[in-house]
Amino acid sequence: MINTSLDIKQLSEEFAQNKSVQIFDFLKEKDANNLFNWFYDDIPEDWWFTSIHNPREKDYKGANNLQNNEKNKEIIEQKISEANEAFINGNFSYVFDRSLPHAANCTCFECQFVEFLNSDYMLFFLKAVTGVKADHTNEVFASRFKPNQFLSPHHDEGKGKIGFVYSLSKGWRPEWGGNLHFMKEDYRTVVKTIVPKFNRLTLFDIPSRDGIPHYVSHVLANAPMNRISITGWFN
């Protein structure tokens, strides 16, 4: 699946210097397009779950994952309002659509990609680029940020050694929002902004004591498409 023309030496040097790296054209074009078509056109809508943080809970313990269907429409809208109010008040909150683990025998393109991430070949590639030896992924899920959805500043402490975001958005413009922002530990100073770009894998180091503060900005209310990516952690 990996694009064989990637310059491993250059990527490893960039990661060593910045503790993060953006790998453009990560997958072979056919594999990247298969994933794109799956998430944008083919995936059943009720395979998406709207994940909304309960503002009365800390960290990730307050997650509500509600299946996208007509039955849950009213409660999802209510919880989105609560999440945005918590965000305005400076509290940790988020709302975006995500996938949950599929059946064990599922062979959809997402499940094939998750299986690939845990393959010896991918883990060898990861070590070659980052110098970090990992033997599995801790958690992997697809995320879909629709208009007005967001993920407020947080860290990934305890999630794994290396975090990753594989972007599947074609023709995304930075003014549409949905950008990944890395911050200093003051949770105010942005040090790097990563705009969604199709078929790009971003790898970033997670320090052992605490994570790197980061957030995903609100997607514009009338954005013409959704921001879709696959996110997870290697450990």
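At what angle do α1 and helix α5 pack, and how far apart are their axes? The angle is about 60°, and the axes lie 7 Å apart. This is a predicted model, in which local features need pLDDT of at least 70, side-chain atom pairs count only at pLDDT 80 or more, and totals for chains, interfaces and linings use all residues. Residues are numbered from 1 along each chain as its sequence is written, and side-chain values use heavy atoms, with hydrogens and water left out.

**Helix packing**

- Helices (H or I, at least four residues) and strands (E, at least two) are DSSP runs, numbered from the N terminus.
- Helix α5 covers residues 120–130. The 60° angle makes α1 oblique to α5. (Under 35 degrees counts as roughly parallel, over 145 as roughly antiparallel, 65 to 115 as roughly perpendicular, and the rest as oblique.)
- Ile8, Leu11, Ser12 and Phe15 of α1 make the contact with Phe125, Ala128, Val129 and Thr130 of α5. Contact means heavy atoms within 4.5 Å.
- Six of these residues are nonpolar, two are polar and none is charged. (Ala, Val, Leu, Ile, Met, Phe, Trp, Tyr, Cys and Pro count as nonpolar; Asp, Glu, Lys and Arg as charged; the others, Gly among them, as polar.)
- Helix α2 (residues 29–42) packs with α4 at about 135°, the axes 9 Å apart. That angle makes α2 oblique to α4. Axes are lines fitted to C-alpha atoms, for helices over the stretch in contact, and angles run from 0 to 180 degrees between N-to-C directions.
- Asn34, Leu35, Trp38 and Phe39 of α2 meet Phe109, Glu110 and Phe113 of α4. The classes here are five nonpolar, one polar and one charged.

**Ends of α1**

- Asp7 caps the N-terminal end of α1 (residues 8–18), with a side-chain oxygen 3.3 Å from the backbone nitrogen of Lys9.
- Lys19, just after α1, has a positive phi of about 60°.

**Pockets**

- The largest pocket holds about 410 Å³. On a 1 Å grid over the protein atoms alone, a pocket is an open set of points with protein on both sides within 12 Å along at least five of seven lines, and a cavity is a set where a 1.4 Å probe fits but cannot get out; lining residues have an atom within 4 Å of a point. Grid points are joined across faces, edges and corners, and a volume is the space filled by probe spheres set on the points.
- Its lining has 27 residues, with Phe96, Phe141, Leu151, Thr231 and Trp233 nearest the centre.
- β12 gives the most to this lining, with five residues. Other strands supplying at least two residues include β3 (63–67), β6 (150–154) and β11 (214–216).
- The lining of the largest pocket comprises 13 nonpolar, nine polar and five charged residues.
- The second largest pocket has about 240 Å³ of space. It is lined by 14 residues, and Leu100, Pro101, His102, Cys111 and Val114 are closest to its centre.
- β4, α4 (109–117) and β5 each give at least two residues to the second lining. Nine residues there are nonpolar, two polar and three charged.

**Cavity**

- The whole structure has one cavity of 30 Å³ or more. The largest cavity has a volume of about 50 Å³.
- Among its lining residues are Val165, Leu180, Ile194, Arg200 and Arg227.
- β7, β10 (200–205) and β12 each supply at least two residues of this lining.
- The cavity lining divides into five nonpolar, three polar and two charged residues.

Technical notes:
A polar contact is a pair of N or O atoms within 3.5 Å; within protein, one must be able to donate a hydrogen and the other to accept it, and residues adjacent in sequence count only if both atoms are side-chain atoms.
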